[in-house]
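Here is a short report on the model shown below. It goes through the nucleic acid surfaces, the core, and a few selected elements.

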Number of protein chains: 2
Amino acid sequence: MSTTPSMAEIGALVGNPARANVLVALLDGRALTATELAFAARVTPQTTSGHLARLAQARLLVLEKRGRHSYYRLASPLIGRMLEGIMAAAADGPPRRRPAGMGDEALRAARTCYDHLAGRLGVALADALIARRRIVLAEDGGQVTDRGARFLTGFGVDLAASERRRRAFCRPCLDWSERRPHLAGAIGAALATRCFELGWLERMRDSRAVVISPAGRRGFVEVFGIAPINGGF
Amino acid sequence: MSTTPSMAEIGALVGNPARANVLVALLDGRALTATELAFAARVTPQTTSGHLARLAQARLLVLEKRGRHSYYRLASPLIGRMLEGIMAAAADGPPRRRPAGMGDEALRAARTCYDHLAGRLGVALADALIARRRIVLAEDGGQVTDRGARFLTGFGVDLAASERRRRAFCRPCLDWSERRPHLAGAIGAALATRCFELGWLERMRDSRAVVISPAGRRGFVEVFGIAPINGGF
DNA sequence: CCGACACTTCGGAGTCTTCCGAAGCGATCG
DNA sequence: CGATCGCTTCGGAAGACTCCGAAGTGTCGG
């Protein structure tokens, strides 16, 4: 009943809008410069610098200096999962009277979430995989079925690399724009990587949004069976 | 890049030591009265009342009035998982210069963590299950092996009840006192329930700590193969 | 019906935080 | 080498928060 100071410290860190913006901007695992983060945080560079120093001291972020730039990124995937958890709780919390149309449309369509896919595309992908019994997702975890393993291998995802068979983990991650789960974990990451490899997706500069190429558009429909309407493209 | 106000709100809520103490006290899912929570929070009842009202308004807690008592509990398992995530991040964060001997010894030995077992007992249990290839745990998720399923069924855990076979989910949860994962998810909860049923464990009043009965002591060694020394009892 | 109890609301003192302007420190470029 | 750029540090103003004492509301017990 007394071992909690550190939890409150982390809460206080996340509890400032500027710092929360920084953390969300870093959620896809990339390293951003202090100036880019100042823009994301919506405060001046001086103020941001102080915030970044505090986040780094608490080991939520790590700093890498290169030339005259300071690159900050999340200290570990653990931090990313913590933030996901907070966002999930925030998403099903009080009826958000936030306009909801506010967020960037490109982000809502398709984006990366740490190392996997989110947004309408991410959710549609998860839905399609579930509908065809290729994966099973519950609140607490998930599983790749045998037919799912065959399908993913055929698609070029190296399941063996995601650690020996039966350790190819699969986990739900609550999408904060769609408020429904999408596919995360080792499988989600591997799938996203493969889509980038195939040129189905491309990252947008200075954003976590991704754009779907014409090949990707075809592929998601033909290979995964996503209805173009549901995929939102 | 703008859809984060709610995340900061939740962070700010968790970021106050008194409120963090309240949330941790409720982590095992029980409902506690305002007065009990004031004790846990280490502030006066007036102050606690304000905190509880804010937590309830943000839907982190729900309030149930019975007679002249106000019972508060976590609004959903989602909130519990969010708190776990924060604690896990806190645990592997900066080298905690906290005396470390501070925490209640009984809590460190064995306690409930929302609905499953934690502390030295929880970690030892997970270790024993892993060593005998009954479960597999990775950072992102886990799995019950076939031999594990047979073992658990034999122990009296109803795997079918944790939703159809192959949906019996198993998930790691970072133990904040031991800083190593223990077993959570549907399987972790079912296992804990069975241990209480068998009388191997008993809850302590006004604490998340659990005491191991003599039968439990024998059982954990003989059935699970926990070395008494590692189990800490 | 009165007192004890559980809880909440109100008001104000003390404290901590956030923020920006100004200025400093290195790295890079011409 | 001097100018520019990226980032950080310093100082102080404005604001927000937490906390408790005092007092109010509703419930239970005799």
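## DNA strand D

Of the atoms of DNA strand D within 4 Å of the protein, sugar or phosphate accounts for 74%, and bases make up the rest. The model is predicted: local features need pLDDT of at least 70, side-chain atom pairs count only at pLDDT 80 or more, and totals for chains, interfaces and linings use all residues. Residues are numbered from 1 along each chain as its sequence is written, chains are lettered from A and ligands numbered from 1 in the order in which they are written, and side-chain values use heavy atoms, with hydrogens and water left out.

DNA strand D is surrounded by 21 residues (a residue is near a strand if one of its heavy atoms lies within 4 Å of it). The closest are A:Thr35, B:Arg19, B:Gln46, B:His51 and B:Arg54. By class, this surface has 5 nonpolar, 12 polar and 4 charged residues. Here Ala, Val, Leu, Ile, Met, Phe, Trp, Tyr, Cys and Pro count as nonpolar, Asp, Glu, Lys and Arg as charged, and the others, Gly among them, as polar.

## Contacts to strand D

Chain A supplies at least two residues from each of helix 3 (34-41), helix 4 and strand 3 (69-74) to the surface near DNA strand D. Chain B does so from helix 2 (17-25) and helix 4. Helix 4 of chain B gives the most, with 4 residues. Helices (H or I, at least four residues) and strands (E, at least two) are DSSP runs, numbered from the N terminus.

Several polar contacts come from chain A. A polar contact is a pair of N or O atoms within 3.5 Å; within protein, one must be able to donate a hydrogen and the other to accept it, and residues adjacent in sequence count only if both atoms are side-chain atoms. A side-chain N or O atom of A:Ser49 is 3.1 Å from a phosphate oxygen of DNA strand D. A:Ala34 uses a polar backbone atom, 3.3 Å from a phosphate oxygen of that strand. A:Ser70 places a side-chain N or O atom 3.2 Å from a sugar or linking oxygen of DNA strand D.

## DNA strand C

DNA strand C has 20 residues around it, and A:Arg19, A:Gln46, A:His51, A:Arg54 and B:Thr35 come nearest. Sugar and phosphate make up 73% of the atoms of DNA strand C that come within 4 Å of the protein. The surface near this strand divides into 4 nonpolar, 12 polar and 4 charged residues.

Helix 4 (45-57) of chain A gives the most to this surface, with 4 residues. Helix 3 (34-41), helix 4 (45-57) and strand 3 (69-74) of chain B each supply at least two. Side-chain atoms of A:Thr44 and A:Thr47 each lie 2.9 Å from a phosphate oxygen of DNA strand C. From chain B, a polar side-chain atom of B:His69 lies 3.5 Å from a sugar or linking oxygen of DNA strand C.

## The nonpolar core

The largest nonpolar core has 67 residues. Such a core is a set of buried Ala, Val, Leu, Ile, Met, Phe, Trp, Tyr and Cys residues joined through side-chain atoms within 4.5 Å. Buried means under 20% relative accessible area, exposed over 50%, and partly exposed in between (1.4 Å probe, protein chains only). A:Met82 and B:Met82 touch the most other members. Helix 5 (residues 77-91) of chain B provides the largest share of this core, 8 residues.

Not counting residues up to four places away in sequence, A:Met82 touches A:Ile10, A:Val14, A:Leu60, B:Gly85, B:Ile86 and B:Ala89 (contact means heavy atoms within 4.5 Å). B:Leu78 is found in helix 5 of chain B. With the same sequence neighbours left out, B:Leu78 touches A:Ala88, A:Ala89 and A:Asp92.

## Helix 5 of chain A

How many residues of helix 5 of chain A are buried? The count is 14 of its 15 residues. At 1.5 Å a residue, helix 5 (residues 77-91) should span 21 Å, and its end C-alpha atoms are 21 Å apart, which agrees. The expected span is 1.5 Å times one less than the number of residues.

## A buried arginine

B:Arg111 is found in strand 4 (residues 111-113) of chain B. B:Arg111 is buried, with a relative accessible area of 1%. Its side chain reaches the backbone oxygen of B:Leu107 at 3.0 Å. Beyond its neighbours within four places in sequence, the contacts of B:Arg111 include B:His116, B:Asp175, B:Trp176 and B:Arg208.
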